Amino acid sequence: MDRLREQLVDATLDWERAIGIAPAITASLAEYDAAALVGFPRADYAAAMHAMTDPPKGHDFVFNGARYLVMGNRPSVKRGGLVTWVPKAASADWDVLVWILYDSQYDVQEAWQWEAAAYAKAFATLKRLSPAQLRRGKRLVAARPAAVPARA
């Protein structure tokens with residue numbers, strides 16, 4: 001499956017070079033990468049996704065009884081390359097949120113985890129969030145993890 005991830009990223013980056021805008025793959029990659037970061041074995045994650053008949057409402061996957069919502073950001077290659085804001089979780093139907101920050105090549109740079117109650121308490125009054133605010137959660141990764149392959 002990691003080979004398929006690499007092929008998807010390669011095709012996306014080729015498309016971006018040729019067309020100027022990358023296809024929207026960040027959310028799908030973030031779900032896949034987050035599952036690995038929280039310990040969801042790749043084969044079990046794939047089986048769980050195959051077993052779904054409809055996309056879950058308010059979360060992306062369930063692992064060890066917890067509903068995970070995943071958000072990922074990738075910097076624009078056209079606008080200076082920095083992620084300066086992160087959308088707020090629109091749903092309350094999750095137990096754990098994982099936020100992943102990618103580089104322009106879709107390599108994981110950071111990943112942070114939030115429990116729903118702590119997230120609600122910290123951000124209830126805010127309209128938008130910055131990466132610095134999300135970095136106050138539980139650090140899952142501060143550099144490229146072994147579970148998420150780095151690109152050559």
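This section describes the salt bridges, nonpolar cores, a helix, a pocket and selected residue separations of a predicted model.

Six salt bridges are present in the structure. General chemistry offers a background to such pairs, since side chains of opposite charge can pair when their charged atoms come close. One of the six joins the side chains of D33 and R5, with an N to O distance of 2.8 Å. This bridge connects distant parts of the chain, as D33 belongs to helix α2 (residues 26–37) and R5 to helix α1 (residues 2–19), with the two positions 28 residues apart in sequence numbering. Both partners are withdrawn from the surface by the criterion applied, under which a residue is buried when its relative accessible area is under 20%. D33 is counted as buried because its relative accessibility is 0%, and R5 is likewise counted as buried because its value is 5%.

A salt bridge of another kind of placement is formed by R17 and D14, whose closest N and O atoms lie 2.4 Å apart. Here both residues belong to helix α1 and are three residues apart, which corresponds to about one turn of the helix. R17 has a relative accessibility of 59% and therefore counts as exposed, whereas D14, at 45%, is partly exposed. A further salt bridge brings together the side chains of D95 and R67, at 3.0 Å from N to O. Distant parts of the chain are again linked: D95 is located in the loop between β2 (66–73) and β3 (96–102), while R67 is in strand β2, and the two are 28 residues apart. D95 is partly exposed, with a relative accessible area of 28%, and R67 is also partly exposed, with a value of 28%.

The nonpolar interior was examined next. In soluble globular proteins, nonpolar side chains tend to be buried together. The largest nonpolar core of the model comprises 25 residues, of which F61, Y68, I100, Y102 and Y106 touch the most other members. At least two residues of this core come from each of α1, α2, β1 (61–63), β2, β3 and β4 (108–115). The greatest contribution is that of α2, which provides six residues. When neighbours within four places in sequence are set aside, Y68 is in contact with V38, H59, D60, F61, F63, V96 and V98. A second core, separate from the largest, contains 15 residues, including M71, W99, Y119 and L134.

Helix α3 (residues 42–51) contains the buried residues R42, Y45 and A46. These residues lie on the same side of α3 because they cover an arc of only 100 degrees around the axis. A43 and A51, on the other side of α3, are exposed. The buried residues of α3 pack against α1, α2 and β1.

Helices α1, α2 and α3 also come together around a pocket, each supplying at least two residues of the lining of the second largest pocket. The volume of this second largest pocket is about 290 Å³. Its lining is formed by M1, L4, R5, L8, S28, L29, E31, Y32, Y45, A46 and M49. Among these lining residues, R5 is the partner of D33 in the salt bridge described above, and Y45 and A46 are among the buried residues of α3. Helix α2 gives the most to the lining of the second largest pocket, with four residues.

Two residues illustrate how separation along the chain relates to separation in space. A51, located in helix α3, is classed as exposed because its relative accessible area is 60%. A51 and Q133 are 82 residues apart in sequence, and their C-alpha atoms are 35 Å apart in space. G20 is placed in the loop between α1 and α2. The C-alpha atoms of G20 and V77 are separated by 9.4 Å, although the two residues are 57 residues apart along the chain. With residues up to four places away in sequence not counted, G20 touches W15 and K78.

Notes: Residues numbered from 1 in each chain as written. Predicted model: local features only at pLDDT ≥ 70, side-chain atom pairs only at ≥ 80, totals over all residues. Heavy atoms only, no water. Salt bridge = Lys/Arg side-chain N within 4 Å of Asp/Glu carboxyl O. Buried < 20%, exposed > 50% of the residue type's maximum accessible area, 1.4 Å probe, protein only. Core = buried A, V, L, I, M, F, W, Y, C linked by side-chain atoms within 4.5 Å. Contact = heavy atoms within 4.5 Å. Arc of directions from axis to C-beta. 1 Å grid on protein atoms, 1.4 Å probe; cavity = no way out; pocket = protein on both sides within 12 Å on 5 of 7 lines; lining within 4 Å. Points joined across faces, edges and corners; volume = space filled by probe spheres on them.
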